[in-house]
Amino acid sequence: MENRIELNTFFEAYPTFKNQEFHGRYLPFNQLKPELEKLRDKFEINEIGKSHLNIPIYSVKLGKGLIKILAWSQMHGNESTTTKAVMDLLNLFRLQENEEQVNSILSNCTLLLIPMLNPDGANRYTRENVNKVDLNRDAHEQQEVESRVLRECYEGFQPDYCFNLHDQRTIFGAGKQDKPATLSFLAPSQDEERKISRNRKRAMQVIAAMNEDLQKVIPGQVGRFDDAFNINCSGDTFQSLEVPTILFEAGHYPGDYLREKTREFVAFSMFSALQAISTSKFEDFKVENYQAIPENQKNFLDVILRNAMVEGQKLDIGIQFSEKMKSGNIIFEPVVKKLAPLLPLFGHREIDCESQEVQLVSGEAPGENDIVSIILLNNEKLSIKTSHIS
Ligand SMILES: [Zn+2]
């Protein structure tokens, strides 16, 4: 196994290349920087620009093949899962360059990876950049410096494929079943008609190839993102420039609020995509294989208290965690989102209150937007916390 990282042994080998310096959701620039420095012995590290607050934005270039692949992550600063996965893959490529599969990818492809496009947002744990602009809605206007850095990188490199790497919220399910969307993908549209152009078809085929591999490890937990066209999104823009572009959305795996399990699946899916592209295996897949992936639904909440008695009425109480940064840690604050009889949603955690009285610690009845770290169930305290599997 030591010299062979095949998809069916990927997870066994994973601890040998996982970057142990990264853990959890908060990944600021000063954690990334020394890890990038360690890659300099094997790969080309370049500063491709600076953020609004003057923090360097780096790219990592590797491989010597003709197929050029551009990938960027943490365009949304609080979406670190794909950055962790990219750094794991870079470690794999660095440690195992002679391994057959790695060698095949690096001799057929040239990869240009931007592991943190929005360092200001990463440091502040915000989706937007420091000017409160969502960079994934700024692809057309390019009002922000970070958007221009990405565009210049794209124009200089002239990629054959683009990977746009993100995290999605825990509200998404893969289709209408009780399955979280642990990973979702999209081959973005390039026009209002959502036509299936040659490049868009390719993106769909690569996604179908990844999906086939992922179904073996997270069956039913892969979703397809909404394809409404928006020229302000980076993916739609690059697709409209006729480059096959793939949106990756890292989502929820049961109990994994730190996204350490999902991180492995992201690394696995990227490896799968690179293999499918470098070997042309993606050509075996059809548009229909892509379209058969269930569409993302907004059908999950983090916690649902079923059959709760609230002031004499039997209700379900739906709770969503709100992420807050407190002294370098991400706190998951439980907030009541919905109270209704028989709430038609799934909870990542469901608690049957068996028609017992539910109250806030103050003794009041819970209502929308209340923070409920602890609630009273029949006068007994019940903690509403995330469970961390790692
Ligand atoms: Zn995002």
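A crossing of two helices is called left-handed if the near helix is turned anticlockwise from the far one by less than a right angle, and right-handed if the turn is clockwise. With that in hand, the helix pairs of this predicted model can be taken one at a time.

Start with helix α4, which covers residues 100–108, and its meeting with α9. The two axes come within 9 Å and cross at roughly 60°. That angle is below the 65 to 115 range that counts as roughly perpendicular and not under the 35 degrees that would count as roughly parallel, so α4 and α9 are oblique to each other. Their crossing is left-handed. On the α4 side, the contact is made by Q101, S104, I105 and N108, while α9 brings in L274, Q275 and S278. Sorted by class, this contact has five polar residues and two nonpolar ones, with no charged residues.

Helix α9, running over residues 260–278, also meets helix α7, which spans residues 198–215. Here again the axes come within 9 Å, but the crossing angle is roughly 130°. An angle has to be over 145 degrees to count as roughly antiparallel, so α7 and α9 are oblique to each other as well. The crossing of α7 and α9 is right-handed. From α7, the residues taking part are V206, A209, M210, D213 and L214. They meet F265, S269, S272, A273, A276 and I277 in α9. By class, the α7 contact with α9 comes out at eight nonpolar, two polar and one charged residues.

Next come the sheets. Four strands make up an open sheet in the order β13-β12-β11-β14, and the pairing in it is mixed. At the edges stand β13 (329–340) and β14 (346–352); each has a single partner strand, so one side of each is left without a neighbour in the sheet. Direction ignored, neighbouring strands of this sheet are turned by 30° against each other on average. One of the pairings links β14 to strand β11, residues 300–310, through six bridges, and these two strands run parallel. Within that pair, R306 has D352 of β14 as its bridge partner.

Another open sheet has three strands, ordered β15-β16-β17, and its pairing is antiparallel. The edge positions belong to β15 (358–360) and β17 (380–383), and since each has a single partner strand, one side of each is left without a neighbour in the sheet. From one strand to the next, the twist averages 40°. Three bridges hold β15 and strand β16 (residues 374–377) together in an antiparallel pair. Looking across from β15, Q359 stands opposite L376 in β16.

Stepping back to the whole chain, the domain assignment gives domain 1 as residues 7–298 and domain 2 as residues 300–383. The C-alpha centres of domain 1 and domain 2 lie 34 Å apart. Where the domains touch, 13 residues of domain 1 are in contact with 10 residues of domain 2. On the domain 1 side of this contact, the classes break down into seven nonpolar, four polar and two charged residues.

Note on methods. Residues numbered from 1 in each chain as written. Predicted model: local features only at pLDDT ≥ 70, side-chain atom pairs only at ≥ 80, totals over all residues. Axes fitted to C-alpha atoms, helices over the stretch in contact; angles between N-to-C directions. Contact = placed C-beta atoms within 7 Å. Nonpolar A, V, L, I, M, F, W, Y, C, P; charged D, E, K, R; others polar. Pairing = 2+ DSSP bridges. Domains from an automatic or database assignment.
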